[in-house]
Amino acid sequence: MAKYEIKGGNTLHGEVLISGAKNAAVAILPAAVLVAGVCRVENVPDISDVRILLNILEDMGAVITKEEPGTVLIDCTNIKCTNPNPELVRKMRASYYLMGALLGRFGEANVALPGGCNFASRPIDQHLKGFRGLGAEVEETEEYVNLKPSEDGLHGNRISLDVVSVGATVNIMLAAVLIPGQTVIENAAREPHIVDLANFLNTMGARISGAGTNTIKIRGVEALHGGTYGIIPDQIEAGTYLAAVAAAGGNVLVKNVIPKHMECITTKLQEMGAKITDYDDCIRIVSQGRLHSTTVKTHPYPGFPTDMQAQICICMALASGVSRLTESVYETRFFGYCEELQDMGADILINGKTAIVTGRESLHGAEVYARDLRAGAALIIAGLAARGTTWVHNAHYVERGYENIIQKLTNLGADIVRLED
Ligand code: EPU
């Protein structure tokens, strides 16, 4: 186990280069299972979730070659395995994308239920509804999901999701790409990583249209072929650095971003008083004194992302006035970090889905525990902005999704080190 030690109070200056998007990478790497050929994937973030996925694929018989940093060649031509190693699968959440990918490639799958950040109950009923809609027989036990073709066989279909779900949209897309006929996903998620997955699959020969809208159409093809694809920059990693500058102060150029993807976050930071300037593929943030209070409600894309809830909460905790932060995707997400923030002097009152945050002039260092990835990133930001020293335990959560966070923050002038417990 490792922790971060942060001596707060330094403002942040310079440039930070954003890595490839975690949530796109963890969908695109399992998608390579559908391809009989070599997928050359660029801008792959070096984070533990990606390393686990690559281990799972290799264990299934894929040939994985790493080229220069960030470029991975994946060849799944000869894999035969439809039951990936359960111990590895349980180490992360997105391993459940192997269900869709294996169903699509082999017509069957036996995949353990996933692990990952459990900040809320995270059902997969919509994924299973999608598989059933495509003609799969689904058997779910406490530990496994077993998929095989029903008597009618696998076929394209119209599937309407009851809730907007990133995971279900991805899993149904993966399953449908090689299944005969047309599949239409209604009430689909519109996140940038859904579009990235569709672009990856289309590059390899799939026929997917409408990604980025709430209706995605997939015309099944016989086979996919190899190709080269570059993953988009990570919207949430970029948002985390922007929030860090807003909270701790400074002037930073955040490079390798798609400013359009950032609008839901930058609009709020601007409202709070930070100066934001967009360029083609970077954003400059300059802090301008104390932040002002605001109101934020999380929503699926293009709304304010739930994965930025904790980071914006730190900004609110330091702003003048009373802010309201409402979570509408995962109700229990506040519990991952609010108590820890209170230990650092924050004034937060949770009332159901809403946190009422009364800004304080400053926070103070404390010994705190990350309980999930984004909560961990937020506690680091709190430590950067606080007076004194903060120790954030459970670094492994943060390392699931942030490449080189220590190096990137140190380059910006932060005083942060990683210590083994
Ligand atoms: N839901 C259901 N049934 C389902 C699936 C989802 O009721 O079958 C509900 C969930 O309980 C939740 C809502 O639908 O209330 C949305 O969940 P979604 O399926 O969209 O979330 P996910 O696919 O499990 C992805 C990201 C999360 C991010 C959410 C929301 C990946 C690998 N994970 O999770 O990212 O919080 O979308 O945007 O893409 C993170 O990066 O830290 C992270 C947790």
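Visitor: How many residues of helix 1 (residues 22–31) are buried?

Guide: Buried means under 20% relative accessible area, with a 1.4 Å probe and protein chains only. Helices are DSSP runs of H or I with at least four residues, numbered from the N terminus. In helix 1, 9 of the 10 residues are buried, among them Lys22, Val26 and Pro30. This is a predicted model, in which local features need pLDDT of at least 70 and side-chain atom pairs count only at pLDDT 80 or more, while totals for chains, interfaces and linings use all residues. Residues are numbered from 1 along each chain as its sequence is written, and side-chain values use heavy atoms, leaving out hydrogens and water.

Visitor: Where is Ser19 placed, and is Ser19 buried or exposed?

Guide: Ser19 belongs to the loop between strand 2 (12–17) and helix 1; a strand is a DSSP run of E with at least two residues. Ser19 counts as buried because its relative accessible area is 6%. Contact means heavy atoms within 4.5 Å. Beyond its neighbours within four places in sequence, Ser19 is in contact with residues including Asn43, Pro233 and Glu403.

Visitor: Which domains make up the chain, and how many salt bridges are counted between them?

Guide: Domain bounds come from an automatic or database domain assignment. Here they give domain 1 (2–19 + 233–420) and domain 2 (22–230), whose C-alpha centres lie 30 Å apart. A salt bridge places a side-chain nitrogen of Lys or Arg within 4 Å of a carboxyl oxygen of Asp or Glu. Between domain 1 and domain 2 the count is 1 salt bridge. The side chains of Asp49 and Arg400 form a salt bridge at 3.8 Å, N to O.

Terms used:
Buried < 20%, exposed > 50% of the residue type's maximum accessible area, 1.4 Å probe, protein only.
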